[in-house]
Amino acid sequence: MRHSDIMEALRERIKEKKYKFTRQRQVVLQAFLDSRENHMSAEDVFSLVKNENPDIGLATVYRSLELFTSLELLKKLDFGDGRSRYELNDRNLKHSHHHLICLGCGKVVEFSYEFGSGLKEKMERENGFQIVDSQLKVYGYCRECRKKNAR
Ligand SMILES: [Zn+2]
Ligand SMILES: [Zn+2]
């Protein structure tokens with residue numbers, strides 16, 4: 001999907017839920033479309049938008065992120081470093097993606113992988129559990145940190 005199409009779909013969803021698509025909310029969403037880093041904390045978003053949008057405060061960013069999460073436009077992620085991060089909700093995409101989290105620099109890398117059907121069936125059979133979504137968190141050290149440590 002093109003960015004403008006994604007933004008249009010998000011705008012529709014917000015209006016559907018009877019919320020206003022204010023300029024400030026649009027700026028916050030646009031940050032996720034523009035940024036190559038898809039796992040941003042409120043502080044990350046704030047530092048991206050504050051220069052061009054001095055009227056937006058950190059509290060506004062926080063509130064927008066919480067609203068978007070409740071509307072399921074964003075997913076709230078916890079990588080165990082005490083900061084909530086957010087990413088565009090891709091539940092409508094076919095693939096689920098997983099996260100490789102670097103303990104050295106905090107970088108988060110996305111990793112696409114479908115669980116083999118054998119594993120899914122085992123989980124469903126042994127636990128009577130119907131799986132609709134899954135996300136794996138893998139902790140370790142990224143290539144750059146490994147290089148640094150090797151020196
Ligand atoms: Zn690293
Ligand atoms: Zn992700």
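Glu126 forms a salt bridge with Lys122, with 2.7 Å between the closest N and O atoms. The structure is a predicted model, and by the distance rule applied to it the salt bridges number nine. A zinc ion (ligand 1) has Cys102, Cys105, Cys142 and Cys145 as its protein donors. The model also holds an open sheet of three strands, and two residues other than glycine, Lys18 and Glu72, have a positive phi.

**Salt bridge within helix H5**

- Glu126 and Lys122 both belong to helix H5 (residues 117-127), and because they are four residues apart there, about one helical turn separates them.
- Glu126 has a relative accessibility of 51% and counts as exposed, because the cut-off for that class is over 50%.
- Lys122, its partner in the salt bridge, is partly exposed at a relative accessible area of 39%.

**Salt bridges between distant parts of the chain**

- Glu72 and Arg13 meet through their side chains in a salt bridge, at 3.8 Å from N to O.
- Arg13 is in helix H1 and Glu72 in the loop between H4 and S1, so this pair ties together parts that are 59 residues apart in sequence.
- A network of salt bridges links Arg13, Glu16 and Glu72.
- The side chains of Asp55 and Arg23 form another salt bridge, with an N to O distance of 2.9 Å.
- This pair likewise links distant parts of the chain: Arg23 is in helix H2, and Asp55, 32 residues apart from it, is in the loop between helix H3 (42-49) and H4.
- Asp55 is partly exposed, with a relative accessible area of 43%.
- Arg23 also counts as partly exposed, at 46% relative accessibility.

**Residues with positive phi**

- Most residues other than glycine have a negative phi.
- Lys18 departs from this pattern, with a positive phi of about 65° although it is not a glycine.
- The loop between helix H1 (3-16) and helix H2 (23-34) contains Lys18.
- Lys18 counts as exposed, with 75% relative accessibility.
- Glu72, likewise a residue other than glycine, has a positive phi near 65°.
- The position of Glu72 is in the loop between helix H4 (58-70) and strand S1 (74-78).
- At 39% relative accessibility, Glu72 counts as partly exposed, and its side chain is the one that meets Arg13 in a salt bridge.

**Zinc site**

- The zinc ion (ligand 1) is bound through the SG atoms of Cys102, Cys105, Cys142 and Cys145, which lie 2.3 Å from it.
- Along the sequence, the donor residues of this ion follow the spacing C-x2-C-x36-C-x2-C.
- The angles that the four donor atoms subtend at the zinc ion run from 104 to 114°, so the arrangement is tetrahedral.
- For comparison, the ideal angle for four tetrahedral donors at a metal is 109.5 degrees.
- Cys142 is buried at 11% relative accessibility, and Cys145 is buried with a relative accessible area of 6%.
- Cys105, by contrast, counts as partly exposed, because its relative accessibility is 43% and buried means under 20%.
- The number of disulfides found in the model is zero.

**Three-stranded sheet**

- The strand order in the open sheet is S4-S3-S5, and the pairing is mixed.
- Strand S4 (108-112) and strand S5 (137-140) are at the edges with a single partner strand each, so one side of each has no neighbour in the sheet.
- From one strand to the next, the twist averages 25°.
- Strand S3 (residues 97-102) runs parallel to S5, and four bridges join the two.
- Opposite Ile101 stands Tyr139 in S5.
- The zinc donor Cys102 falls within the residue range of strand S3, 97-102.

Definitions and conventions. Residues numbered from 1 in each chain as written. Chains lettered and ligands numbered in written order. Predicted model: local features only at pLDDT ≥ 70, side-chain atom pairs only at ≥ 80, totals over all residues. Heavy atoms only, no water. Donors = N, O, S within 2.8 Å, 3.2 Å for Na, K, Ca; no water. Tetrahedral: all angles 85-135°; square planar, octahedral: opposite > 155°, others 65-115°. Buried < 20%, exposed > 50% of the residue type's maximum accessible area, 1.4 Å probe, protein only. Pairing = 2+ DSSP bridges. Axes fitted to C-alpha atoms, helices over the stretch in contact; angles between N-to-C directions. Disulfide = S-S within 2.5 Å. Salt bridge = Lys/Arg side-chain N within 4 Å of Asp/Glu carboxyl O.
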